[in-house]
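Colleague: Please give me a close look at one part of this model. Begin with a single side chain of your choice, then work outward.

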Amino acid sequence: MRYYYSADEIRDAEAPLLASLPDGGLMRRAAFGLATAIARELGTVSGKTVCAVVGSGDNGGDALWAATFLRRRGAGACAILLKPEKTHTGALEAFRRSGGRIVEKVPPAADLVIDGVVGISGSGPLRPDAAAVFDAITRAGIPVVAVDLPSGVDVQTGAASGPHVQPTLTVTFGGLKPVHALGDCGRVELVDIGLDLAPSGVRALDTADVARRWPVPGVKDDKYTQGVTGVMAGSATYPGAAVLCTGAAVAATSGMVRYAGSAASEVVSHWPEVIATPSHASAGRVQAWVVGPGLGTDETGAAALVFALESDLPVIVDADGLTILSAHPELVEGRSAPTVLTPHAGEFARLAGSPPGDDRVADTRRLADTLGVTVLLKGNVTVVADAGGPVHLNVAGNAWAATAGSGDVLSGVIGALLAAGLPAGEAAAGAAFVHARAADLSALDPGPAATPTSASRILTHLRTALASIL
């Protein structure tokens with residue numbers, strides 16, 4: 001599990017160490033880790049040239065100390081001081097003693113630039129002088145390593161409202177911050193500096209977490225104990241949504257999938273193992289419902305949604321189901337069974353009254369708390385918020401899953417996990433993880449070069465994704 005911490009949480013954790021270590025000790029510890037990461041990035045240190053762009057405060061000190069350590073290993077080192085009067089005194093003295101030079105602009109021959117302009121206390125875009133420096137660096141094609149976070153990017157939201165650093169690598173200390181999932185940080189490396197951090201309320205599942213939670217049948221399980229997933233999706237206009245959603249529930253290790261709707265013949269022609277009926281009235285017993293993909297927003301679709309939400313079963317609502325729900329939010333009021341909503345930005349706006357803003361975590365959390373449900377906000381970084389509970393982030397790393405029908409596949413996987421008994425937040429986060437892995441694999445099949453994919457291909461690769469995890 002990866003945890004993400006606010007700037008205040010990190011500062012509170014640093015306080016005991018700052019009190020117990022010699023003056024500057026924690027900074028040098030962090031800077032040594034930064035220098036080690038930069039050395040790996042350079043490959044060979046001796047003979048290379050690094051330039052630190054230094055602002056006021058501790059991040060500038062970290063950058064100067066890292067440049068000092070690299071200078072002692074044979075690198076050429078220079079620094080641009082954006083605020084000379086506020087530069088960290090001890091770090092600057094050590095840098096000068098090592099032979100580091102103060103310059104006005106980055107040398108064209110520099111092999112790497114260290115972004116030490118602002119740290120986790122900073123806010124807003126780069127100031128004009130810093131923006132001009134990094135514009136020149138970008139035009140020269142020099143790689144940048146950011147200290148803690150890219151300057152000009154918000155630590156909590158990952159948003160950039162103006163000029164900002166776009167690093168190849170970000171090296172952070174003690175604990176990850178939300179920016180490292182939500183912002184453009186390049187690769188991220190975490191340096192352990194000895195902070196004592198408890199699990200936080202913003203987190204991300206990793207491969208081992210998903211493997212531990214995934215419902216793998218035991219020797220005494222049967223098709224019923226593995227979870228029976230009910231699907232109400234698709235219509236005469238969108239039969240493909242039913243095919244994709246039910247197929248994903250089948251692939252995600254459901255013991256049985258029951259389909260109820262007007263696309264029954266299309267579903268069975270693709271998935272003969274699915275038990276299909278024309279309406280929910282004859283669907284039979286299930287352990288969770290998936291409602292909405294391609295369902296339509298007419299009376300038939302509304303009746304299906306009401307039927308599912310009036311049950312005491314877990315329900316995941318997507319697509320057309322969300323459109324109906326946005327007009328009738330009372331349908332989820334007081335619901336005690338797990339309920340997962342999976343909006344994209346437009347559907348979120350209909351549910352919440354406004355689209356998600358820069359702080360997608362706070363906005364998703366607010367909607368979940370307001371409705372008393374679990375909300376999965378789709379995007380390159382998927383945000384899953386439990387009402388009154390933790391937030392899970394899932395970083396896709398690319399946009400291969402942004403294709404028509406992809407959400408139908410995701411809904412089927414979430415439904416299967418709910419039917420198997422997983423808590424709503426973990427079901428949504430685990431499904432998002434596997435879905436993103438399947439999208440990656442589908443884009444790389446048949447070769448090493450990524451190519452455009454489709455929802456059908458993502459569905460085809462769900463089992464391969466699960467195999468790579470389990």
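Modeller: Take Arg139. Arg139 is exposed, because its relative accessibility is 63% and the cut-off for exposed is over 50%. Keep in mind that the model is predicted. Which residue does Arg139 form a salt bridge with? The partner is Asp135, and the closest N and O atoms are 3.1 Å apart. Both residues lie in helix 5, which runs over residues 128–140. They are 4 residues apart, about one turn of the helix. Asp135 has a relative accessible area of 41%, so Asp135 counts as partly exposed.

Now move to helix 7, residues 207–213. Here Asp209 and Arg212 are 3 residues apart, again about one turn of the helix. They form a salt bridge, with the closest N and O atoms 2.5 Å apart. Are these two partners buried or exposed? Asp209 is buried, because its relative accessible area is 2%. Arg212 is exposed, because its value is 60%. So this bridge has one buried end and one exposed end.

Another bridge joins the side chains of Asp318 and Lys378, at 3.1 Å from N to O. This pair links distant parts of the chain, 60 residues apart. Asp318 is in the loop between strand 14 and helix 11. Lys378 is in the loop between strand 16 (374–377) and strand 17 (381–386). Asp318 is buried, because its relative accessibility is 2%. Salt bridges can also share partners: Asp209, Arg212, Arg213 and Glu426 are joined into one network that way. The full count is 10 salt bridges.

Stay in the loop with Asp318 for a moment. Ala319 also lies between strand 14 (315–317) and helix 11 (320–327). Its phi is positive, about 50 degrees, although Ala319 is not a glycine. Ala319 is buried, because its relative accessibility is 16% and buried means under 20%. Asp148 has a positive phi too, near 75 degrees. Asp148 sits in the loop between strand 6 (144–147) and strand 7 (169–173). At 8% relative accessibility, Asp148 is buried.

Next, a serine in a loop. Ser235 lies between strand 10 and helix 8 (239–251). What does its side chain reach? One atom is the backbone nitrogen of Tyr238, at 3.2 Å. Another is the backbone oxygen of Gly294, at 2.9 Å. Beyond residues up to four places away in sequence, Ser235 touches Ser262, Gly294 and Leu295. Ser235 is buried, because its relative accessible area is 12%.

Step back into strand 10, residues 228–232, and you find Thr229. Its relative accessible area is 0%, so Thr229 is buried. Its contacts outside its neighbours within four places in sequence include Ala249, Met256, Val286, Val290 and Ala416. Thr229 and Ala424 are 195 residues apart in sequence, yet their C-alpha atoms are 14 Å apart in space.

Ser406 is in helix 14, residues 406–419. Ser406 is buried, because its relative accessibility is 3%. Leaving aside its neighbours within four places in sequence, Ser406 is in contact with Ala401, His435, Ala455 and Ile458.

Now the whole chain. It has 17 helices and 18 strands. Of its 470 residues, 53% are buried. The C-alpha atoms fill a box of roughly 80 × 45 × 45 Å along the principal axes. Among contacts between residues at least 6 apart in sequence, 68% join residues at least 24 apart.

The domain assignment gives domain 1 (2–200) and domain 2 (207–468). Their C-alpha centres lie 41 Å apart. How many residues are in contact between them? The answer is 5 residues of domain 1 with 6 residues of domain 2. The area buried between the domains is about 590 Å², and carbon and sulfur atoms give 71% of that. On the domain 1 side, Thr157, Ala181 and Leu182 lose the most area, together 61% of what that side buries. By class, the side of domain 1 that touches domain 2 has 4 nonpolar, 1 polar and no charged residues. Between the two domains the count is 0 salt bridges. The count of residue pairs in polar contact, both at pLDDT 80 or more, is also 0.

Notes
Residues numbered from 1 in each chain as written. Predicted model: local features only at pLDDT ≥ 70, side-chain atom pairs only at ≥ 80, totals over all residues. Heavy atoms only, no water. Helix = DSSP H or I, 4+ residues; strand = E, 2+ residues; numbered from the N terminus. Buried < 20%, exposed > 50% of the residue type's maximum accessible area, 1.4 Å probe, protein only. Contact = heavy atoms within 4.5 Å. Domains from an automatic or database assignment. Buried area = accessible area lost by both parts, 1.4 Å probe. Salt bridge = Lys/Arg side-chain N within 4 Å of Asp/Glu carboxyl O. Polar contact = N/O pair within 3.5 Å; in protein donor to acceptor, adjacent residues only side chain to side chain. Nonpolar A, V, L, I, M, F, W, Y, C, P; charged D, E, K, R; others polar.
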